[in-house]
Amino acid sequence: MLELRRVSKHFSGIPAVDDVSFSALPGQVTGYLGPNGSGKSTTIKMITALIEMTAGQILVDGKPIDDDLISYKRRMGYVPEEPHLYNHLSDAEYLTMVADLRGLAPRIAGERIDGMLRLLSLYDDRHAGIAGYSKGMRQKVLIAAALMHNPDLVLLDEPFSGLDVGSALVLRSLITELATRGKVVLFSSHELDTVERISDRVVILHHGKVVADDSIARLRTLMELPTLEAIFSQLAVEHDTDSMARQLADLIRA
Amino acid sequence: MLKVFGLLFDRWTERLPLQLRVLHRQFLLRVVDLEALSIEADIPSYLGQFAGILIMISLCHAFGLMVFPPPPFAETWGYEQARIADMQLVIGLCSVLMWDTTFPDKRDAMLLGPLPILPHMILFAKMAASASVLAVGILALNFASSGAMSIVFGLPSNGFFRFFFAWWFTLTAASAFLYGAVLAIQGFGALLLSRRMFLRVSAVLQLAAFGTILAGRFLQPWLNTFSELTNPAYRALLAWSPTFWFFALFNHINGTLPRELQWVANRAWLALALVLVGSVSSLALCYLRTMKNTVEQPDLDPAASSIGSLPRLGNSLQSAIALFCFRSITRSRQHRVALAFYWSIVFAIALSMARDLFTNPPEPVSLGLIMPTIIMMSFAVVGLRGVFSLPISLKANWMLRITQLRPTTDYIAATRRSLQLFGVLPIVLLSAALGLHFRPLTHAYQHVAFLAIFGCILVELSLIHFDKVPFTCSFIPGKTNFQVIFWGAAFVFLILGLLFGAYELQSLKDAHQYVFLMAFCMAIAIGLWIFNRLHARTAALYYDEVIPEVITRLGITLLPPSALPEETKLKTLP
């Protein structure tokens, strides 16, 4: 189980994540939602230990992750928000490098890389440089790199970004499948429809604070709203969106 | 005076089309080949440092000439040749750094294509940006020295003004020739090859140009006297070296060229004309023909092949880091160009030694074998270490942090393996081949064994406090004083090498002394290895992408300050 206890992150004294607590259970998909700048990616980067917390604790199976960071990293797979990769490598080379760094046996790594590239339709381009890849292809490489070592904890930061419809459907099913196999899956996304379909529970963040943490069905009942989109709009969208659109159109006409 | 000049310049530029001015400003900031420098580089600072170095060189030359003028009637030709070669070196380096920037790339085509801008406006703006950088380079390197040369060399002969004019004309012509030659080569390459093939060949051409320019500057002899210049042994050199063409051109304009060398000056005119016609025509054709092709080229190259399966180079971490190093050096232009600088020197030395191997009979082991190979080893290892400090993609470093499952000592060991494989091993093999020219062979190969240990010492010295994965951080052109550190280290290594070399030559003749030398060197290597290992045990790997994230609140608000919450007021910047 992944657990965040009163986690905060301040940048130059300004809180980006403020006193966030929630937990993600094995066998469940936890959706992590929030508008741009609400602190989702910062939280996920803290969970991956890429950035340090200002306060609070992150625990996996009851133990703080800092106690044995290397063991924790072995169990964790991460897809970042931006598909930053080493562009001078091909996807096969990149994945082999990740496998080597993770210490996977060459034979097992080779089989998994080949299989993943085939399943993700990247095999034909396996010798081409990543520099030429589309955003969706890069996203697939990131997904393969994150899952190659069969992690217990899967952290996905906007994993659907840039994926075509078919690949997005595959990923959607994959996320559910991973949870079914007992993994902890935490993913952030702006695609509320997808989140509503696959998440067992959602955590909604606004201005760095948790404003909702429950199952979608229970949130619907509590707030008497029909969809996750409506719940999200009520909790985290401050603007009158129609009015804003009108103002923008007026601005360019003036 | 400067203010007036500045005002006049502003007035003049204001009359240029707005589009040209805007594009010129943009291209000026991008005139350095972005692939040849880190994207994180502070290019204006880097160019500023570059200009500063040139100004210092110019001032040093001027000071030297004014304070220690040559005796009257001394031959000054060698000095003129050296200054023209310096100029060509600077312009050559600029050309290499500006490689490809005069031609439209995909980004230009995609960003500027939809805007109402004519292609010739883009071409003019790019040419103006390149010309601006070249002009700054020429001015910085010559502003003081040209005046000093005109006073010291010009006044006693044909007068200050004629010398001054001839000198500046020659410099401008030599620069135009060199830059034009680079453009013409690229232009014809772009016209004759497909875009994809051109991009591949272009990288090789860039390296070749770089090596040729460096070798030309550092391996070319200077011919000081009339008898040397007219010596048939040097006729081929005069016929094919642009330095001598423009040297002759200068003396032709200055009225100091002997009639016997008029043919060399004629070559300069001819070469200049050919290069200008070639570069302008190829550039114009490129803009007309390849702009569209550039956009239409697919991003992905599906047919690209890769070197099958590379051998494993140690344990999985060592293999991962070593292959990452190999691929970064071979595929990234910025790293290739940086490494080419050091390896050009290595190859120049190796070539000059190899020439003896084939043309002269074997000779006894001497400093002629020991010193060049020690210098090659120093440049190879220190150069490689320097290139390791050039980041390849800071934003992609997150992957190395996520997968950091082993202690720092293992990462340092992996870096050591890479330095040994790509720095020490090639020089040992090269030296072993060059050693065939020396007798007795046992002494030559004893030296090769010594060289291997010397290389290991250099590797350990390079690793001191290098708590990083190669290509992940540190040196960003324009932001660090890497050059100073490098040249300082190179100087120290060179002195050490000279000391070792002199002692080694003696010890090769005495078995006991040789054993002592080897044992001493091995002790140093092992001592440094232990030091690095002990340090790594407590060190944490450092990645440069950990930049302090700062959220700045601008303090823009419609509320009066009194209405703001106390907490916000404290954090709002004035």
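This is a short guided tour of the structure, stop by stop, with something to select at each one.

**Before you start**

The model is predicted, so keep its thresholds in mind: local features need pLDDT of at least 70, side-chain atom pairs count only at pLDDT 80 or more, and totals for chains, interfaces and linings use all residues. Residues are numbered from 1 along each chain as its sequence is written, while chains are lettered from A and ligands numbered from 1 in the order in which they are written.

**Stop 1: the whole of chain A**

Select chain A and show it as a cartoon. You will find ten helices and ten strands; here helices (H or I, at least four residues) and strands (E, at least two) are DSSP runs, numbered from the N terminus. The radius of gyration of chain A is 19 Å, close to the 18 Å that the globule rule gives for 254 residues, so chain A is as compact as a globular protein of that length. That radius is taken over C-alpha atoms, and the globule rule is 2.2 Å times the number of residues to the power 0.38. Turn the C-alpha trace along its principal axes and it spans about 55 × 50 × 40 Å.

How much of chain A counts as buried? The share is 43% of the 254 residues, where buried means 20 or more other C-beta atoms within 10 Å of the residue's own, exposed means 12 or fewer, and partly exposed is in between, with C-beta atoms placed from the backbone.

**Stop 2: the six-stranded sheet**

Now colour the strands of chain A. One open sheet has six of them in the order E6-E7-E8-E3-E9-E10, with mixed pairing; two strands pair if DSSP finds at least two bridges between them. Strand E6 (76–79) and strand E10 (209–214) of chain A stand at the edges with a single partner strand each, so one side of each has no neighbour in the sheet. From one strand to the next, the twist averages 15 degrees.

Zoom in on the E6 edge. Four bridges join E6(A) to strand E7 (residues 153–157) of chain A, and the two run parallel. For a single pair to pick out, select A:Gly77, whose bridge partner in E7(A) is A:Val154. Then add helix H5 (residues 135–147) of chain A, which lies across E6 and E7 of chain A and runs at about 170 degrees to E6(A). Axes are lines fitted to C-alpha atoms, for helices over the stretch in contact, and angles run from 0 to 180 degrees between N-to-C directions. Contact means that the C-beta atoms of two residues, placed from the backbone, lie within 7 Å.

**Stop 3: the four-stranded sheet**

Chain A also has an open sheet of four strands, in the order E2-E1-E4-E5, with antiparallel pairing. Here E2 and strand E5 (63–64) of chain A are the edge strands, each with a single partner, so one side of each is left without a neighbour in the sheet. Strand E1 (residues 2–11) of chain A runs antiparallel to E2(A), and seven bridges join them. Select A:Leu2 to see one end of a bridge; its partner in E2(A) is A:Ala24.

**Stop 4: two backbone oddities in chain A**

Most residues other than glycine have a negative phi, and most peptide bonds are trans. Staying in strand E2 (residues 14–24) of chain A, select A:Asp19. Phi of A:Asp19 is positive, near 60 degrees. Next, select A:Ser121, in the loop between helix H4 (106–119) and H5 of chain A. A:Ser121 has a positive phi near 60 degrees too, and it counts as partly exposed, with 15 C-beta neighbours inside 10 Å.

**Stop 5: across to chain B**

Show both chains together: 33 residues of chain B are in contact with 31 residues of chain A. Which helix gives the most to the side of chain B that touches chain A? H14(B) does, with nine residues. The residues of that side divide into 15 nonpolar, nine polar and nine charged. Ala, Val, Leu, Ile, Met, Phe, Trp, Tyr, Cys and Pro count as nonpolar, Asp, Glu, Lys and Arg as charged, and the others, Gly among them, as polar.

**Stop 6: inside chain B**

Finish with B:Pro440, in the loop between strand E2 (438–439) and helix H19 (441–462) of chain B. A cis peptide bond joins B:Arg439 to B:Pro440, with omega about -10 degrees.
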